[in-house]
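Biologist: Please take one part of this model and go through it closely. I would like to know how it sits among its neighbours.

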Amino acid sequence: QERGGNNSFTHEALTLKYKLDNQFELVFVVGFQKILTLTYVDKLIDDVHRLFRDKYRTEIQQQSALSLLNGTFDFQNDFLQLLREAEESSKVRVPTTMKKYEDSEKAKKPVRSMIETRGEKPKEKAKNKKNKGAKKEGSDVPLATSKTASAEKSVGAENGVELSKEELIRRKREEFIQKHGKGMEKSGKSSKSDAPKEKGKKAPRVWALGGCVNKEDLDYSAPTTNGAPEVVPPEDINLIRGTGPGRQLQDLDCSSSDDEGAAQNPSKPSATKGTLGGMFGMLKGLVGSKSLSREDMESVLDKMRDHLIAKNVAADIAVQLCESVANKLEGKVMGTFSTVTSTVKQALQESLVQILQPQRRVDMLRDIMDAQRHQRPYVVTFCGVNGVGKSTNLAKISFWLLENGFSVLIAACDTFRAGAVEQLRTHTRRLSALHPPESHGGRTMVHLFEKGYGKDAAGIAMEAIAFARNQGFDVVLVDTAGRMQDNAPLMTALAKLITVNTPDLVLFVGEALVGNEAVDQLVKFNRALADHSMSQTPRLIDGIVLTKFDTIDDKVGAAISMTYITSKPIVFVGTGQTYCDLRSLNAKAVVAALMKA
């Protein structure tokens, strides 16, 4: 499934270049005459895309791109400025002329100042040596020198008189005695300090907590008064919330510690490579102006495939990606100084960026506002295997929705795992502390709908949606039990829950740590939902939540595997343990981390 391609279109004497922005549903088009060879078109369209998106980001998020384009907006001056800057940057710079000797500082000096006589240079050196010796004497305390000797030396150093041989010998003797005496003193001190250590025994260490084994000290249960537990001290909400804006999702940052080290310590050119080796390395792999064939790309594609597999991309998908790139480049005419490696890498990079930007974009805030206009709650169902972080990321998404002013009802439909309801209850209490009813006019912003354990999950979800409709909640987040993709009874129950309640969004929660397993999970989840569904048009997975992204460094291949196999977008990325550790996917950053050697 190849979604890469050329971003230009030619019609008669005109050429159009376009760029898609799937996040805001925008298309940027630049048209120019075909006969003109404009080298700045790509830079211009990138700059216009970036500036327009940053300038009208809030308006597009609040309304939509279509309603914004129907109106009027002031962008002509910005466009003309960007066009001028792009044209200026493309102009050929005039080569700088070499400076003449008459213009240098050396030519301005008189000849007399550059003439040196024989006797001057050694005197200057002697003066420098004397000054250094005087500094050493000032810093070190002499042990066997007299006041008169030091006074004579200082006077001699000041007057610049050369010392005689006897004085030089005496000075060297004094320096030797100083060094030798200091060494003797240090050895004497060390022997004195070691003596008490040998005589005394090692004292037992006293720990800060005392190390007591009394029952009263080890009892950490809540103290009770008349059978009722005392009030628990409040938790530190700032630690639970995390740092960062919760209202707007930040883009994902894939920079690793290796990148920071490389930025601080730039690589030094190795001395082993000679000029001939560098010249042959530059000329190696040049294709010239001939067309590419399979034989030319075979070795490069094998290295690219191994690199993708090492970055956690599923093996089958890595093979398919390299095959699609080979089909795309076969027969393409190369430039004179273009290498096979750079061409294949650029084509693969473009394909990966388009894979991570699917055609359908999930905009939860816009869909929730649309559901509000129809006076119904917006329902989101979370599903996935065991232990991937469904409940934790459900709480993060709840916090993000609360920060945007929507009320949330959490439906505890995980009636199988012990402690699942208590975990959601704890999250609800913490979210209520961050958004108390007093701050929202007495309105309860987050509520937990629970019916205990061992009940039918589909029935609990139906009751929760009805409760949210009656109480006026904006969003219902349905937490389901973790299940393996091979467990037929549990997959049937999940298909029943989705078919009966028809949620607006079905999110699959997956780890960023998995490689080939991600493909197996998504394929079998979609297949089970289709097989066990009772409707003719079964409801499948609509989006992906990628968790534990902070534990993989630059092995980001799971994102490629999941989006390639389902053609569904990655809606959220979990990057930590606090409520603010939720990001939106940055496709270019992920591809840059994936292609990094």
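Modeller: Two strands are said to pair if DSSP finds at least two bridges between them. The model is a predicted one, and the part I will take is strand 12, residues 543-547. In strand 13, I570 is the bridge partner of I544. Strand 12 and strand 13, the latter covering residues 570-574, are joined by three bridges and run in the parallel sense. To get from strand 12 to strand 13 the chain passes through helix 23, residues 557-566, and this β-α-β crossover is right-handed.

Strand 12 also pairs with strand 11, residues 505-511, again in the parallel sense, here over five bridges. Within this pairing, L546 of strand 12 has G510 opposite. The chain leaves strand 11, runs through helix 22 (residues 516-531) and enters strand 12, in a β-α-β crossover that is right-handed.

Next, burial. A residue is called buried when its relative accessible area is under 20%. Five of the five residues of strand 12 meet this, so the strand is largely enclosed by the rest of the structure. The cover is on both faces: I544 and L546 are buried on one side, and G543, V545 and T547 are buried on the other.

The wider setting is an open sheet of nine strands with mixed pairing, in the order 6-14-13-12-11-7-10-8-9. At its edges stand strand 6 (250-251) and strand 9 (446-449); each has a single partner strand, so one side of each has no neighbour in the sheet. For strand 9, four bridges connect to strand 8 (residues 408-412), and the two run parallel. L409 has H447 in strand 9 as its bridge partner. Helix 18, residues 390-403, packs on this sheet and touches several of its strands, including strand 11, strand 12 and strand 13. The direction of helix 18 makes about 170° with that of strand 10 (475-479).

A record also touches this region. An unreviewed UniProt entry places the feature "domain: SRP54-type proteins GTP-binding" at residues 569-582. In the model, that span is 43% strand and 0% helix, and its end C-alpha atoms are 16 Å apart.

Last, the cysteines. C580 has a relative accessible area of 7% and is therefore buried. C383 is buried too, because its relative accessibility is 1%. A disulfide is a covalent bond between the sulfur atoms of two cysteines. Zero disulfides are found when the whole structure is searched.

Note on methods
Residues are numbered from 1 along each chain as its sequence is written. This is a predicted model: local features need pLDDT of at least 70, side-chain atom pairs count only at pLDDT 80 or more; totals for chains, interfaces and linings use all residues. Side-chain values use heavy atoms; hydrogens and water are left out. Buried means under 20% relative accessible area, exposed over 50%, partly exposed in between (1.4 Å probe, protein chains only). A crossover is right-handed if, with the strands pointing away from the viewer, the path from the first strand over the helix to the second runs clockwise. A disulfide is a pair of cysteine sulfur atoms within 2.5 Å. UniProt positions are given in the numbering used here, feature names are shortened, and annotations may be inferred rather than shown by experiment. Contact means heavy atoms within 4.5 Å. Axes are lines fitted to C-alpha atoms, for helices over the stretch in contact, and angles run from 0 to 180 degrees between N-to-C directions.
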